[in-house]
Amino acid sequence: MAMNTYRAGEYDVIVIGAGHAGCEAALAAARMGCRTLVLTISLDNIALMPCNPAVGGPAKGHLVREIDALGGEMAINTDKAAIQMRMLNTGKGPAVRALRAQADKKRYQMYMKHTLETQPGLDIKQAMVERLLVEGERIKGVVTHTGAIFEARAVVVTTGTYLRGRIIIGDVTYQGGPNGQYASINLSHSLRELGFELGRFKTGTPARIDRRSVDFSKMIIQPGDERPLAFSFMTDPVPKPQVPCWLTYTTEETHRIIRENLHRSPLYTGIIEGIGPRYCPSIEDKVVRFADKERHQVFIEPEGLDTEEMYVQGMSTSLPEDVQIAMLRTIPGLERVKIMRPAYAIEYDYIVPTQLKPTLETKTIRGLFTAGQINGTSGYEEAAAQGIIAGINAALYVKEKEPFVLTRAEAYIGVLIDDLVTKGTNEPYRMLTSRAEYRLLLRQDNADLRLTEKGYQIGLVTEERYRKMLAKKKMIEEEMERLASVTVTPREEVQEALRRLGTAELRQSMPLLDLLRRPEIRYDDLFTIMPGLERFSLPEEVVEQIEIQVKYDGYIKKQLAQVERFQKLEQRQIPPDFDYDAIKGLSTEGRQKLKQIRPTSVGQASRISGVSPADISLLLVALEQRRREKGEEGAR
Ligand SMILES: Cc1cc2nc3c(=O)[nH]c(=O)nc-3n(C[C@H](O)[C@H](O)[C@H](O)COP(=O)(O)OP(=O)(O)OC[C@H]3O[C@@H](n4cnc5c(N)ncnc54)[C@H](O)[C@@H]3O)c2cc1C
C-alpha cells in the first residue's frame, strides 16, 4: 500500500469494481446525472464472466428483464453478445417461462466496456481500492494502491469474489481473484475495521477445454431457438446464426475416479472453509450427494465465436489437476480432451447482508452502498440486479431524494433484496422462481409494464423506452376493450370453426374476449372464428400479453388480492428509532432479531425468522399506541 497519498479528484458517486454489479451501478448513477467514477482492478476484465458463458434461465432471466425495464444495460449487452438464445419452459405456465442466452464472453466485455467509456458523466480508472474513508457516520471517499484519494458523497462497493480471494486446486492454494487476477486484501480489512461483519463463501468453476480435442459425434446437439429472441424490450429480435451447445453424461468410471480421489478433494480435506452454493454443486458433491444417480448431465458450451475454449457445464470442481484430466477423459466425446484452463474453487469474503437497508445502503455508514456477490449472492444476474438498485439509491442519496425500493410484490429484484436484508443467507444466494410468492404477477414478459414507469419517474429510463412501453400498454388495453365489445353468436359457421379447433360449441352469445379464455383458443383463432373481424398487425409481445392476461385472469386476480393483503402490512412503517425493549411480552429471540435487523415495516418484521405472529401482534399494538401518543402520521 502506498505510503504517500494525494487528492486525486472529487465525484458524486464512486463505484468500486466493474463487474456485473459495478457496471449497472455506475451506469445508473451517471445516467441519473451524477458525476461518477468507477475504479476497478483491471480495465481488461470489465464485465468478466468468470463462470458459465450464459445469461438468464428461470428467475435469472426475470431479473435481466427487470434490469432492462428499469433502464439498465445487461439485457441490451446480452442481445449484442448472444451467440445462442433459447426460451426455456415453453411447455409450462408463463410464470416460469424464461429466456437464456449463450454469450460470447469477449464480445460481452468489449460492448460493456465501450458502453461505460462512452457514458457521459462517467470516468473509469484502473486501480485497486485499498481503504474506505469515513468521517463520523458518513462515507467520504476511497484510497487506492497508488495513494490516490478520491472523494465522493456516495460509494458503492461491488467487489464480487475478490475480497481476500483464495484460489484452490487440490492442495494448491494461493491468493488471487478469478482468471489470474489480484485478490483484494486490504479493502476487506478496511470493511472489518469499520465494524462490518464479514462471512466466507466459496464458489467453483469447471475446466475450459480445447474444442479441437472434443469428439462431438458422441454428444447430443443442443441448438438454439429458430425464432429470433431478445432480452431487451428495446431490441428488435433479428435472426442471428446460432452456435450449438452439446450434451453428454458422466459415466460410472467418472464417478469411480472421483470417489477414489475424495481424500484429495479440498472440499473433504478441509482446505476449503467457505460455504458453497447448494444450487451449483461441484461434481464431487453431486457424486457423493446423489450416489444412486448413474450419470450426471454435462453440457459443452462455446465461450465465444473467436476462441477454441469450451466450458464444461456440470463439472465444476476443485479436485487436483491430474484427477480433473482423468475424470474428464471418461466422459463420452472427451476421451482425448485437452484442458486449457483447470477448474478451481475460489473462497472470498462477503458482507453479512442483514447489515444493509432495502436500499442496499449500509445501516451504519451513510452514503456507503454494497451490491453483488459481496452481499452473499451468486450469479451475474443477481449481481447486476443489486448493482442497478445500489446505483439508483446512491444517486438519489446524493440528490437528497426519496430512496427507491421495490417490494416482493413488484419485482424479483424486490424478492432478492428483501430476502438478503431481512433473512440474510448462509450460502451463496441464487434466485429461484420458487422464492417469489407472487410469481404469476412477476413474469419475464411483463417486466416493462411493471417497472418502466418507476424507472422513468426516478430519471433513469429514457423517453424512447418510456414511450415504447406506453404504446405497448395502449395497444394491449385497446385490443382487449375491442375484443370485450365484440359479441360472438352461436351461428353455424362459428360452431364449425369451434369444432375444428377442438373446443366446445357456443350455447349462447358471449364477448369474444371470453372465448379467448378457453385453453384451446389462441388470439389468431379469433379471426378464423369471426372472419369479418378486422385484424390489426399487433406486435407479438402485445398478443402474448393479451393471451396471458385473459387466460390467467382468475389466477392473476387471486394473486392481486394476496398482494393487497401483503401491502397492508408493508405500508405499516416502523420508525427507525423504535424501542423494542419497551414492548412487554415479546419473545426473547423476536426482540433480539428485531433490534438487530431493525425492519422498516411490519411486513418486513413478519418475514424475519424467529419473529413470531404473536410478536407481530404485540408490535402492531405498540405502534398504534405510539402513533396515538405522538400523534404521528403513518398507516393505521
Ligand atoms: C470461479 C467462479 C465460479 C463461479 N461460479 C458461479 C456459478 O456457478 N453460478 C453463478 O451463478 N455464479 C458463479 N460465479 C459468480 C459470478 O461470477 C458472480 O456472481 C458475478 O460475477 C458477481 O458479480 P459482481 O459484480 O458482484 O462481482 P464480480 O463480477 O466478481 O466483479 C467484481 C469487480 O470488482 C473489482 N474489484 C474487486 N476488488 C476491488 C478493489 N479493491 N478495487 C477495485 N476493484 C476491485 C474486480 O476487478 C471486478 O471487476 C462464479 C464466480 C467465480 C469467480
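**Strand pairing and the ligand shell**

Biologist: Let's start small: over how many bridges do S3 and strand S5 (residues 98–103) pair?

Modeller: Keep in mind that this is a predicted model. Strand S5 covers residues 98–103, and its pairing with S3 is antiparallel. One of the contacts puts Gly56 against Arg100 in S5. The count of bridges between S3 and S5 is three.

Biologist: Which strands sit at the edges of the sheet ordered S3-S5-S4?

Modeller: That sheet is open and has three strands, paired in the antiparallel sense. An edge strand pairs on one side only, and that picks out strand S3 (54–56) and strand S4 (82–88).

Biologist: And what is the average twist from one strand to the next there?

Modeller: We're still in the open sheet with the order S3-S5-S4. Going from one strand to the next, the twist averages 20°.

Biologist: There's another open sheet, of four strands. What is the order of its strands?

Modeller: The pairing in this one is antiparallel. The four strands run in the order S11-S10-S19-S12.

Biologist: Which two strands of that sheet pair on one side only?

Modeller: Take the order S11-S10-S19-S12 again and look at its ends. The edges are strand S11 (172–175) and S12.

Biologist: What does the twist average in this four-strand sheet?

Modeller: Again the sheet is S11-S10-S19-S12. From one strand to the next, the twist averages 25°.

Biologist: Which residue in S19 stands opposite Lys202?

Modeller: S12 and S19 pair over eight bridges, in the antiparallel sense. S12 spans 198–205 and S19 spans 344–351. Opposite Lys202, in S19, stands Glu347.

Biologist: Now S1. Are its pairings with S9 and S2 parallel or antiparallel?

Modeller: S1 and S9 share nine bridges, with Tyr6 partnered by Ala148 in S9. S1 and S2 share four bridges, and Val13 stands opposite Thr36 in S2. S1 pairs with S9 in the parallel sense, and its pairing with S2 is likewise parallel.

Biologist: How far apart along the chain are Glu151 and Arg7, the salt-bridge pair?

Modeller: A search of the whole structure turns up 62 salt bridges. In this one the side chains of Glu151 and Arg7 meet, at 2.5 Å from N to O. Glu151 belongs to strand S9 (residues 148–157) and Arg7 to strand S1 (residues 6–16), so the pair links distant parts of the chain, with a separation of 144 residues.

Biologist: On to the ligand. Which residues around the ligand come nearest?

Modeller: There are 35 residues around the ligand. They divide into 18 nonpolar, 16 polar and one charged. The nearest are Ala21, Val129, Ser184, Gln373 and Gly379.

Biologist: What share of the ligand's accessible area does the protein cover?

Modeller: First, some polar contacts. An oxygen atom of the ligand is 2.8 Å from a polar backbone atom of Ala21, and an oxygen atom of the ligand is 3.3 Å from a side-chain N or O atom of Lys60. A nitrogen atom of the ligand lies 2.8 Å from a polar backbone atom of Val129. On its own the ligand has 990 Å² of accessible area, and the share covered by the protein is 97%.

Biologist: Which element gives the most residues to that shell?

Modeller: Several elements give two or more residues: helix H1 (20–31), strand S2 (36–40), strand S12 (198–205), strand S19 (344–351) and helix H10 (380–398). With three residues, the element that gives the most is S12.

Conventions:
Residues are numbered from 1 along each chain as its sequence is written. This is a predicted model: local features need pLDDT of at least 70, side-chain atom pairs count only at pLDDT 80 or more; totals for chains, interfaces and linings use all residues. Side-chain values use heavy atoms; hydrogens and water are left out. A residue is near a molecule or strand if one of its heavy atoms lies within 4 Å of it. A polar contact is a pair of N or O atoms within 3.5 Å; within protein, one must be able to donate a hydrogen and the other to accept it, and residues adjacent in sequence count only if both atoms are side-chain atoms. Accessible areas come from the Shrake-Rupley method with a 1.4 Å probe; for residues, only the protein chains shown count as cover. Ala, Val, Leu, Ile, Met, Phe, Trp, Tyr, Cys and Pro count as nonpolar, Asp, Glu, Lys and Arg as charged, and the others, Gly among them, as polar. Two strands pair if DSSP finds at least two bridges between them. Axes are lines fitted to C-alpha atoms, for helices over the stretch in contact, and angles run from 0 to 180 degrees between N-to-C directions. A salt bridge is a side-chain nitrogen of Lys or Arg within 4 Å of a carboxyl oxygen of Asp or Glu.
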